[in-house]
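Hi there,

I am passing on the structure we talked about, so please have a look when you get a moment. My notes follow just below it.

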Amino acid sequence: MELLGLTPTMLMLTLAGLAAVVLALYLLKNEQRKVIVPSVLLWDSLLAKRKGVAWARKLRRLLSLLLALLITALLAFAISDPHRLSKTTDRRIVILVDASASMQATDAEPSRLESAKRLARSIVRSLGGQDRALVAQLDAAVTPMSTLTDDRAALQHGIERVKATDLSSDLRVGMAFAIDVLRQSKQPELFIVSDGNLTGIEAAKRLASEHKQLKVHYLKVGESKRNVGIEHFSVRRYPLDKTHTESIVRVRNFGDKPEDAKLRLFAGQALLHEESLTLPAQGVAARTFADLAATGSALEARIELEAGADVLAADDRAYAALPPRKQSRVLLVSEGNRYLEAALLLDEYLDVDEVTPAAYTSARAHDVVIFDNVLPPERPEAPALYLAPTPAQGRFAPFKVKTALDRPFFERVDDEHPLTRALALRDVNVASALALVPEQGDRLVAQTAGGNPLIIEGQREGVRFVALAFDIRQSDLPLRVSFPLFILAAVDRLAGEQTSDAARGLVGEPWRLRVPDGVESAALQHPDGKITQVAVRDHEARLQVAQAGVYSVSAGSTRTLLAANVQAELEGAIAPRDTVIVKAAREEPRVRVSSLGSRLWPWLAVIAGLLLAAEWLSFHRRWTV
């Protein structure tokens with residue numbers, strides 16, 4: 001027996017004090033009322049009878065005293081809050097409840113997460129008198145929902161606070177957390193309540209092997225394998241017609257049977273495309289949708305089974321955000337270049353002004369300035385595109401030049417860079433080029449075989465630039481489709497408008513967004529309309545999101561849309577694992593205390609109340625005096 005409310009000494013003192021009070025009240029004699037009568041002869045027979053039963057009256061009074069003392073003792077014990085002791089008296093337990101996207105599957109009623117929370121509650125009910133537990137939510141990180149406590153109510157409340165996310169769960173992080181919490185425990189235990197769709201299992205297994213005293217339990221939830229999800233969704237504007245887009249969707253069947261599904265593309269509430277798909281077992285179907293009208297700022301792809309229910313809805317939708325189109329002012333500084341002029345006319349969102357080098361004074365009123373085989377007298381105020389930036393006396397020189405390159409070729413091209421992603425440059429013929437010397441921090445987008453840069457991107461005194469190391473008229477580049485694509489991509493990139501894939505990513509991945517100078521915070525609007533603040537550091541807003549959807553980041557005068565999607569490749573395979581470090585338990589943890597529960601004070605209080613009722617009844621029945 002354990003007395004959590006009072007120490008044994010305090011309990012004895014309490015009992016002694018209450019017993020003394022009861023005894024004092026009992027010994028107090030009631031003053032008899034005096035009655036004047038004409039004669040006592042009529043009372044002789046009654047008084048004689050009372051003297052004959054005096055011993056019975058004393059016995060009844062003694063029983064009444066014992067009953068009062070018993071009630072007092074029961075109440076004192078109830079106040080001390082006695083507990084039943086279990087066989088294990090020093091267990092320390094961490095309960096990890098998986099809250100990843102796959103736990104939203106509805107093959108368990110009403111969902112896998114709710115089933116996991118039910119199992120977690122059964123663990124709490126099975127705790128012994130001195131056991132302590134901690135409840136934590138597991139996804140990409142660990143979020144404690146309670147302290148390490150024996151308070152069952154606090155633990156149950158922590159379990160109820162666990163909420164589903166669209167993240168993937170990392171068991172390595174959860175194992176490291178549990179080991180840290182239970183480091184000083186003599187009997188550490190870890191309960192993993194999950195469908196087993198976890199990352200970092202092998203790393204967690206290695207950590208567990210280094211702490212052999214840690215006892216690991218795995219409680220499995222879920223049973224179905226049937227699921228179809230959108231594994232990839234990307235959208236990009238056409239470089240030469242940014243009012244239309246091209247979309248790529250990849251859908252995977254994670255089940256063991258073929259499935260018929262319907263794929264739909266939406267812009268807001270407007271349906272852009274719809275088609276039926278037949279997906280083989282464990283198969284993938286990819287679709288490319290060309291020439292879609294770029295209405296709205298965000299696109300959504302949805303997949304739906306033709307027959308039956310898809311048990312996981314989290315990966316049935318995917319999102320992509322289209323950057324807003326804006327009118328950009330471009331200043332072309334050139335002696336005359338028909339190739340450049342024709343390329344710039346292809347984009348109706350460009351407002352182009354052209355001046356000669358002698359007439360150039362400033363680019364402050366423009367978003368981008370292009371210097372065609374000429375350099376300005378001083379650093380330009382606007383982001384610049386330099387074509388053959390030959391150093392000249394009295395002119396701003398963004399580069400040092402070593403020697404001329406004779407007949408260079410594009411040998412090393414960054415095919416993932418937005419400037420060159422859609423270009424074929426390796427067979428471009430160039431008569432000669434400048435051997436530019438890049439500075440630290442410059443990015444070499446394209447180089448010769450010897451490492452001489454042909455396309456460079458970087459900054460000079462905080463102003464962004466893109467440089468082409470040769471005069472386009474000394475090459476056949478203007479005769480190729482790649483030329484207008486490169487010019488428009490460079491202008492859009494310098495103007496801050498993306499021409500590559502729409503801003504998209506996966507939940508849980510870090511986002512880093514450039515913000516204007518002087519901006520110290522950014523406002524993040526969630527898909528449900530909630531707005532939170534994001535700190536800005538080093539001119540970047542850094543954030544992570546836990547739910548799929550389209551987000552808006554406002555920083556100063558700029559607004560950026562971000563589309564976050566579920567990691568369907570990981571979360572869509574919803575077949576539960578039978579083993580996570582250890583094999584799954586076959587049944588729920590059993591409650592080790594008796595049917596009366598571990599806390600006994602309620603039962604003591606009930607018994608005391610029943611005795612009080614019995615004492616009241618006996619008094620009014622004259623069984624006790």
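Here is what I found, starting with the sheet and ending with the cavities.

One thing to keep in mind as you read is that this is a predicted model.

**The open sheet**

The sheet I looked at is open and has 8 strands, in the order 18-17-19-20-26-25-24-22, with mixed pairing. Its edges are strand 18 and strand 22 (412-413), each of which pairs on one side only.

Strand 17 (residues 328-333) is a good place to start. Of its 6 residues, 5 are buried, so the strand is mostly covered by the usual cut-off of under 20% relative accessible area. Strand 17 pairs with strand 18 (residues 350-355) in the parallel sense, over 6 bridges, and within that pair Ser328 stands opposite Leu350. To get from strand 17 to strand 18, the chain passes through helix 8 (residues 338-345), and this β-α-β crossover is right-handed.

Strand 17 also pairs with strand 19 (residues 368-372), again in the parallel sense, over 4 bridges. Here Val330 has Val368 of strand 19 as its bridge partner.

Further along the sheet, strand 20 and strand 26 run parallel and are joined by 4 bridges. If you want a residue pair to find them by, Leu387 stands opposite Leu468 in strand 26.

**The cavities**

How many cavities of 30 Å³ or more does the structure hold? There are 3 of them, and the largest has about 40 Å³ of space.

The lining of that largest cavity is made up of Arg379, Pro380, Ala384, Tyr386, Phe396, Arg460, Val463, Arg464 and Phe465. By class, 6 of these residues are nonpolar and 3 are charged, with no polar ones. The cavity also leads back to the sheet: strand 20 (384-387) and strand 26 (463-468) each supply at least two lining residues. Strand 26 gives the largest share, with 3 residues.

**Helix 7**

Last, a look at a helix. In helix 7 (residues 201-209), the buried residues include Ile201, Ala203, Ala204 and Ala208. These four sit on the same side of helix 7, because they cover an arc of only 160° around its axis. Glu202 and Arg206, on the other side of helix 7, are exposed.

Do tell me what you make of it once you have had a look.

Best wishes

Note on methods
Residues are numbered from 1 along each chain as its sequence is written. This is a predicted model: local features need pLDDT of at least 70, side-chain atom pairs count only at pLDDT 80 or more; totals for chains, interfaces and linings use all residues. Side-chain values use heavy atoms; hydrogens and water are left out. On a 1 Å grid over the protein atoms alone, a cavity is a set of points where a 1.4 Å probe fits but cannot get out, and a pocket is an open set with protein on both sides within 12 Å along at least five of seven lines; lining residues have an atom within 4 Å of a point. Grid points are joined across faces, edges and corners, and a volume is the space filled by probe spheres set on the points. Ala, Val, Leu, Ile, Met, Phe, Trp, Tyr, Cys and Pro count as nonpolar, Asp, Glu, Lys and Arg as charged, and the others, Gly among them, as polar. Buried means under 20% relative accessible area, exposed over 50%, partly exposed in between (1.4 Å probe, protein chains only). Two strands pair if DSSP finds at least two bridges between them. A crossover is right-handed if, with the strands pointing away from the viewer, the path from the first strand over the helix to the second runs clockwise. The arc is that of the directions from the helix axis to the C-beta atoms.
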